[in-house]
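Let's take a walk through this model together, starting with the whole chain and then zooming in on a few spots. Have the viewer open as you read.

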Amino acid sequence: MWKVVAADDEGYIREALQKLINWEKMDCSLESVVSDGQELLEKIRGEMPDIVITDIQMPGVDGLEVCKYVYETCPETQVIILTAYSDFEYAKRAIKYSVCEYVLKISIIDELPLAVEKAIGKLSRLKKEIEIQEHTKAEEPESLLDQIEQYLEENFRKKITLDDIADTLHVNRSYLSRYYKNKTGVNLFDEILMKRVEKAKEYLQNTEMKTYEISEAVGVEDAGYFSKMFKKITGVSPKEFRKREQHEEKN
């Protein structure tokens, strides 16, 4: 069965998803329904769903951030956005993240099953493409993993996407993501982020560069996002890290 996780901050929508949609009829299993984007991201990381259904407007982590995360880290996963009429223009910003479908909340009972069927169709086609790619690559003597790691080492300081890597190495983006995770146990973009953080540490220790300059130097345009990710990985902000290192040098 296809695994589904969903998030909406309105209780009546969560109830509709759980009680009014016949998931079994669509060969789907509704694994989790949560109330905010942060919880949804945790479910995506833990359950690796085939389909994600997300409200576009949620406090904290909103639907756009969820779409961005899925697009970068889980390219096979199909995203369906739930939106009100008033939020629809905002929701369309997610088009750059290859969203599968948009569903108006007012029509959720009628529209969502059709959107899920569309997502399943895309998943089935992707599965066939990946199987073909796996068969083709299995016959090649050169290690794809070596090519990926070389590309990352040469390009992690730039703004790169999964499409950039896939196009350069001539592989399907979904296959690329799955292959790297299977070979290393690490998500491809988590590895890129780790490389960026390690390089940022060098800049913080050895230069007087400001945080936004370091952020740009390691391929992250949004300095706020960079600081947030740096703290999540190291436990301290870039500023705190620099102070700590300077203090240790003096002692």
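What follows goes from the overall layout to one strand, and then to some individual residues.

Keep in mind from the start that this is a predicted model. The protein has 251 residues, and 47% of them are buried. Its secondary structure adds up to twelve helices and five strands. If you draw a box around the C-alpha atoms along the principal axes, you get roughly 65 × 50 × 30 Å. Contacts often reach across the sequence: take the pairs at least 6 residues apart, and 65% of those contacts join residues at least 24 apart.

Two annotated stretches help to divide up the chain. UniProt, in an unreviewed entry, lists residues 3-120 as "domain: Response regulatory". That stretch is 41% helix and 23% strand, and its end C-alpha atoms sit 10 Å apart. The same kind of record, again an unreviewed UniProt entry, gives residues 146-244 as "domain: HTH araC/xylS-type". Here the make-up is 76% helix and 0% strand, with 36 Å between the end C-alpha atoms.

Now zoom in on strand β3, residues 51-55. How many of its residues are buried? Five of the five are, so the strand is largely enclosed by the rest of the structure. You can check this face by face: Ile51, Ile53 and Asp55 are buried on one side, and Val52 and Thr54 are buried on the other.

Which strands pair with β3? One is β1 (residues 2-7), which runs parallel to β3 and is joined to it by four bridges. As a landmark for that pairing, look for Ala6 opposite Ile53. The other is β4 (residues 78-83), also parallel to β3, this time over five bridges. There, Val52 has Val79 as its bridge partner. To get from β3 to β4, the chain passes through helix α3 (residues 63-73), and this β-α-β crossover is right-handed.

Helix α3 is worth another look for Thr73, which lies in it. Is Thr73 buried or exposed? Its relative accessible area is 7%, so Thr73 counts as buried. A polar atom of its side chain lies 2.6 Å from the backbone oxygen of Tyr69. Setting aside neighbours within four places in sequence, Thr73 is in contact with Ser177, Asn187 and Phe189. Those three partners of Thr73 have numbers inside the 146-244 stretch that UniProt lists, so keep both annotated stretches on screen when you look at this spot.Next, move to the loop between α7 (162-169) and α8 (173-184), where you will find Asn172. Why does Asn172 count as buried? Its relative accessibility is 16%, and the cut-off for buried is under 20%. The side chain of Asn172 reaches the backbone nitrogen of Tyr175 at 3.0 Å. Not counting residues up to four places away in sequence, Asn172 also touches Leu126, Glu129, Ile130, Gln133 and Ala166.

His170 is found in that loop between α7 and α8 too. With a relative accessible area of 65%, His170 is exposed, whereas Asn172 is buried. The backbone of His170 deserves a glance: its phi is positive, about 60°, although His170 is not a glycine. Met48 is another non-glycine residue with a positive phi, here about 45°. You'll find Met48 in the loop between α2 (37-47) and β3, and its relative accessibility of 47% makes it partly exposed.

Finally, the cysteines. A disulfide is a covalent bond between the sulfur atoms of two cysteines. How many disulfides does a search of the whole structure find? The count is zero. Take Cys28: the closest cysteine sulfur belongs to Cys100 and is 12 Å away, which is too far for a bond. Cys67 tells a similar story, with its closest cysteine sulfur, also in Cys100, 11 Å away and again too far. Both residues are tucked inside: Cys28 is buried at 2% relative accessible area, and Cys67 is buried at 1%.

Methods:
Residues are numbered from 1 along each chain as its sequence is written. This is a predicted model: local features need pLDDT of at least 70, side-chain atom pairs count only at pLDDT 80 or more; totals for chains, interfaces and linings use all residues. Side-chain values use heavy atoms; hydrogens and water are left out. Helices (H or I, at least four residues) and strands (E, at least two) are DSSP runs, numbered from the N terminus. Buried means under 20% relative accessible area, exposed over 50%, partly exposed in between (1.4 Å probe, protein chains only). A polar contact is a pair of N or O atoms within 3.5 Å; within protein, one must be able to donate a hydrogen and the other to accept it, and residues adjacent in sequence count only if both atoms are side-chain atoms. Contact means heavy atoms within 4.5 Å. A disulfide is a pair of cysteine sulfur atoms within 2.5 Å. Two strands pair if DSSP finds at least two bridges between them. A crossover is right-handed if, with the strands pointing away from the viewer, the path from the first strand over the helix to the second runs clockwise. UniProt positions are given in the numbering used here, feature names are shortened, and annotations may be inferred rather than shown by experiment.
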